[in-house]
Amino acid sequence: MPLVAVVGRPNVGKSTLVNRLVSKGDAIVESSPGVTRDRNYFIASWRRRDFRIVDTGGLDPIAEEQLSQAIGKQAMHAVEEADVVVFVVDATQGITGGDQEVAEALRRVGKPAILVVNKVDNQSREDEAVEWYSLGMGEPWPISATHGRNIGDLLDAIVETLPEAPEQAQEEEAEETVVAIIGKPNVGKSTLFNRLLQEERSIMSEIPGTTRDAIDTVLQAEGKTYRFIDTAGWRRRSKVHEEVEFYSLVRVWKAIDRSQVVILVIDAEEGVTEQDQKIAARIKDDGRACVVVLNKWDKLKGTGRGNETYLDAEENLQFISYAPILRISALNGGGVSKLLPAIDRVKANWEGRVPTAQLNQLLQQVLSQTSPPSKRGKRLQIYYLTQARTAPPQFVFFVNRPSLADPGYERFLERKLRETFIFEGAPIRIVLRARRKQ
């Protein structure tokens, strides 16, 4: 699909406009400048024409701050790959030196551009929009992204500017593996994300919390398709002060919900913290396949702490002991080659199904070796076992009275299933259902 890049100075309403164009609330919107930092891609449709929209961080030509320069660099990457550029300015501020410099930069790129004058909430401001002709970017389009004023006309202009759609036969969509990269702030998620994609796709910074939106990028490797979601760092609720940080946290929850496999990134130098344990518990509760990554492993070389750190991670993450633990360095690439094969394995196990005959053969072996528990003279009887669903695997034991089994016995049954069948990386659901003996 053709690509439309939405660019402009910070805080002129780019994300609000993107949400209006795609009719969703996926782009984070906040009154303070600098909320959008990475390139965020969405799908829009108008007059039976589908196209992608990329929301960008603010272009600030006179920025001296390192992070602001990185955000501007990401925005210019979006311009270079776009078919059409939507240049957004703020009607309430008038023409600024920053607007003039951005216009000059866009003219040098030479891409088809549409000048959008935002925050035009009434007719008098619309009449004043003619002053924007002086930027030399063609006809200015006065709109209000907040109130939806003239958005239909703008969409008409965008669609008319898009390159002609090539006539192609519809190809069947390749199956994707959706992977969310989750972890606390500043543990190296974006560095790992970029290492996997082998390009500077996300902004890397030593400032915790640089990534705020969840970003989707598709990677094709070895004939397989992966959709990676890079997310903002998961913060403790007590540290979620800004409204924008709250919405970033919501994006993390949504990223886990959308994913099939979650990569939990942990700082190997710091070890597993209470916050890491809470994140792992959320991944397990959501029933997602999981791979644990001990990142920055290169910093432990020569310290003699490597084995101790690994054993501590195993102990502190016992409740997701089924998840493989990889030792990698996203910065220099050490161990990263093991990640995609691990993702493939845990996803296959997460979607795996065991034949009912094999399950009941295992059940008979277990019952012959260990008697089920009893309470008040009444013993639990297990009649039958079947796998009810996959993703995650759920096993139903048909019994006389489910109340006779305690959580410890359910963990025992799960352990026996894992000892016999391969479910590495996949949580298992155990259900005891009452049924009369046949």
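Accessible area here is the Shrake-Rupley kind, worked out with a 1.4 Å probe. By that yardstick, the protein has an accessible surface of about 21,500 Å², and carbon and sulfur atoms hold 44% of that surface. Keep in mind as you look around that this is a predicted model.

Now for what the chain is built from. You'll find twelve helices and 17 strands in the protein. Of its 438 residues, 51% are buried, where buried means under 20% relative accessible area. Then there's the question of who touches whom. Take the contacts with a separation of 6 or more: 71% of them are between residues 24 or more positions apart.

Next, let's look for empty space inside. The count comes to two cavities of 30 Å³ or more, and the largest cavity has a volume of about 50 Å³. If you want to find that largest cavity on screen, pick out the residues that line it: L362, L363, V366, L385, F397, L413, K416 and L417. Two elements each give two or more residues to this lining, namely α11 (356–369) and α12 (407–420), so those helices are handy places to start.

Finally, a look at the rings. The structure holds four aromatic pairs; to count as a pair, two ring centres must lie within 6.5 Å. A ring can also have a charge for company: turn to Y310 and you'll see the charged end of R327 sitting over its ring, 4.1 Å from the ring's centre.

Terms used: Residues are numbered from 1 along each chain as its sequence is written. This is a predicted model: local features need pLDDT of at least 70, side-chain atom pairs count only at pLDDT 80 or more; totals for chains, interfaces and linings use all residues. Side-chain values use heavy atoms; hydrogens and water are left out. Rings of Phe, Tyr and Trp (its six-membered ring) pair if their centres lie within 6.5 Å; planes under 30 degrees apart count as stacked, over 60 as edge-to-face and the rest as tilted. A charge sits over a ring if NZ of Lys or CZ of Arg is within 6 Å of the ring centre and within 35 degrees of the ring normal. Helices (H or I, at least four residues) and strands (E, at least two) are DSSP runs, numbered from the N terminus. Buried means under 20% relative accessible area, exposed over 50%, partly exposed in between (1.4 Å probe, protein chains only). Contact means heavy atoms within 4.5 Å. On a 1 Å grid over the protein atoms alone, a cavity is a set of points where a 1.4 Å probe fits but cannot get out, and a pocket is an open set with protein on both sides within 12 Å along at least five of seven lines; lining residues have an atom within 4 Å of a point. Grid points are joined across faces, edges and corners, and a volume is the space filled by probe spheres set on the points.
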